[in-house]
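Please open the structure in a viewer and keep the selection tool at hand. The stops below are meant to be followed in order.

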Amino acid sequence: MNAALFIILGTILFSALLGIYAGRRVKMNLENWTVGGRQFGIVIIWLLMAGEIYTTFTFLGASGWAYSKGAPTFYILAYGALAYTLSFFILPALWKVGKKHGLHTQPDYFVNRYNSRALGFLVALIGVFSIIPYLQLQLTGLGLIVEVASNQAIPSRLAIAISFVLTCVFVYTSGIRGTAWVSIVKDIMMIVAVLVVGIGVPMIYFGGFGNMFRTLIEQKPQYLVLPGGTSHMGVIWVMSTLLLTGLGFYMWPHVFGSVFSAKSANIIKRNAIIMPIYQIPILLIFMVGFTALLVIPGLANGDMAFLELVNKTYPSWFMGFVGAAGAVTAMVPASILVLFASTLLAKNVYKAGFNPKASEETVMRLSRFLVLVITTIALVFAIAFPEELVNLLIFGYDGVCQFFPGVVLGLFWRRVTKTGVFCGLIVGIAVVVGLIVSGRDPFLGMNAGFVGLAINSVLTLVVSLSTKPTDVKKLESEERHDR
Amino acid sequence: MADLKEIGMKKGTRIALILGAIPFITMVFALPLVNRIEPIILGLPFLLFWLLAWVVLTPVILALAYKLEKKYNPPEEGEDK
């Protein structure tokens, strides 16, 4: 018991110190803080992106869905591979634009491409609103993991408070470098935990995963094909969700922004090739969820399946290791979410909307201050409104994926206009919110976010074609004049 | 649509795009055809095996796309390595 406590607290503290150390001897300006001075090589980019992408959700949500819903959870294995495939084609172009114009954030891109501060302002607000549930998801997951892993020695709220305050400190001091360094600890611990549990648990209870699946086919075969244990997550739902999450993936403001931290466009391209390899451990997490379905059926909260099964199977010190891995797995994405949420608010909402004359130093100082504010808000949310994990994440996706037409058409189609993107974005978001609020998600079997994205894309195209083309030359000269 | 055409005209990019369509075809559009338990392959029910197989093959496909794109498209100025 004491061992578990020691491992969890020790890991959290060590990670935070490493994060702070990462920023030593670097003069912190906005360029270094948000995009690491555009100096990251392929290893650090891979770690950083993996750090952002494999979150507490990987531990709890994927196994929880396998446990409670079955086959619909398979989308989590596949969507990453789609996103990386897409990134191979679009991110190098995006990186070049970022380098050329010194962009830091996603709204910067919209301001630059469409010459519209208002559009950047809107994108920043939607981005921040989508980040908050994602951040909350990390915190709720962290609290849950640590509380169970420490056998209630560290209550959920205390765990959230300690680790998040420490996260806040290393974001404040080191920016994105802190995230990248802590990612190393996180990746190693998470992989070890997933390998041990994912291979071990089916082995211990069934002598191997083949036998586990055979038992599952005998007892609950419906869990292995769509729509699994659900009534509404059929083939069409999974197809639309795959497209939505595959396209929406790099539209998350923090993932989008991380692209700019690479040293070259080529590094981004090569990274896209190796990223899918990191997707494979998710298979092991499904195995844990399915084993739990057979061994400990009837849990009220499916998200607890992973932890309950580990608790039942392994000694308490290993539970401590899982708890520690879970905590760092939440801290890393939380750090980058806070980093980008505060930069968006300082640079693209405050500066662009209210004080265009603000110097870069002012923006930097404000960003750092906002780290503290956002941390506090997210803490309050996480403690006051815990919700089922995957639902929150899909909701955020519905929002950010609406950026897709504006980003991709903006990169590859000169004819797309500001008005087109505005109309598409606003109507897309309105459709999503309308469908979800009125209880029509899924709509005709399709994910509501996907319906919004489809309407958004068509509208962006049609309106762009019927409005006056943006004068790109004029735009570029104004941009230069601006700086 | 001048831009799109311009991009499509480079042979390497066209080949890469065709390769890049494969994961989308196999993992999204083929889904109605593979939603089944049998045959069980390597101990995995077919739907899971199918998705896993294409996740594993995606890096191979992208590496091939990268190679071919390099081979057919002349390197741009200022591009490193």
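How many helices and how many strands does chain B have? Select chain B to find out: four helices are present, and zero strands. Please bear in mind throughout that this is a predicted model.

**Stop 1: chain B**

Follow chain B from the N terminus, and its elements appear in the order α-α-α-α. The chain has 81 residues, of which 26% count as buried. Among contacts in chain B with a separation of 6 or more, 62% are between residues 24 or more positions apart.

Next, select B:E38 and B:P39, which are joined by a cis peptide bond with an omega of about -5°. B:P39 sits in the loop between α3 (31-34) and α4 (46-72) of chain B.

**Stop 2: where the two chains touch**

Now display both chains. In chain A, 37 residues are in contact with 34 residues of chain B. Which helices of chain A each supply at least two residues of the side that touches chain B? Select α5 (75-101), α10, α11 and α13 (265-274) of chain A to see them. The largest share of this side, eight residues, comes from α5(A). Coloured by class, the side of chain A that touches chain B shows 30 nonpolar, five polar and two charged residues.

**Stop 3: helix α10 of chain A**

Remain with one of the helices just selected, α10 of chain A, which spans residues 209-219. Within this helix, pick out A:F209, A:M212, A:F213 and A:L216, which are buried. Why are these four on the same side of α10(A)? They lie on the same side because they cover an arc of only 95° around the axis. To see what the buried residues of α10(A) pack against, add α9 (176-206) and α14 (281-295) of chain A to the selection.

Continue past this helix into the loop between α10 and α11 (235-248) of chain A, where A:P227 is found. A cis peptide bond joins A:L226 to A:P227, with omega at about 0°.

**Stop 4: two residues with positive phi**

Most residues other than glycine have a negative phi, and most peptide bonds are trans. Two loops of chain A offer places to look at phi. Select A:R38 in the loop between α2 (30-35) and α3 (42-53) of chain A. A:R38 is not a glycine, yet its phi is positive, at about 50°. Is A:R38 buried, partly exposed or exposed? With 17 other C-beta atoms within 10 Å, A:R38 is partly exposed.

Then move to A:N151, in the loop between α7 (117-149) and α8 (156-174) of chain A. A:N151 is likewise a residue other than glycine with a positive phi, here near 55°. This residue counts as partly exposed, having 15 C-beta neighbours inside 10 Å.

**Stop 5: the largest nonpolar core**

For the last stop, turn to the largest nonpolar core, which holds 195 residues. Which of them touch the most other members? Select A:I8, A:A78, A:M251, A:A327, A:V338 and B:L51. Helix α16 of chain A (residues 316-353) gives the largest share of this core, 22 residues.

Finally, centre the view on A:M251. Leaving aside its neighbours within four places in sequence, A:M251 is in contact with A:F256, A:V400, A:C401, A:F403, A:F404 and A:V407.

Key:
Residues are numbered from 1 along each chain as its sequence is written. Chains are lettered from A and ligands numbered from 1 in the order in which they are written. This is a predicted model: local features need pLDDT of at least 70, side-chain atom pairs count only at pLDDT 80 or more; totals for chains, interfaces and linings use all residues. A residue is buried if 20 or more other C-beta atoms lie within 10 Å of its own, exposed if 12 or fewer, and partly exposed in between; C-beta atoms are placed from the backbone. The arc is that of the directions from the helix axis to the C-beta atoms. Two residues are in contact if their C-beta atoms, placed from the backbone, lie within 7 Å. A nonpolar core is a set of buried Ala, Val, Leu, Ile, Met, Phe, Trp, Tyr and Cys residues joined through C-beta atoms within 7 Å. Ala, Val, Leu, Ile, Met, Phe, Trp, Tyr, Cys and Pro count as nonpolar, Asp, Glu, Lys and Arg as charged, and the others, Gly among them, as polar.
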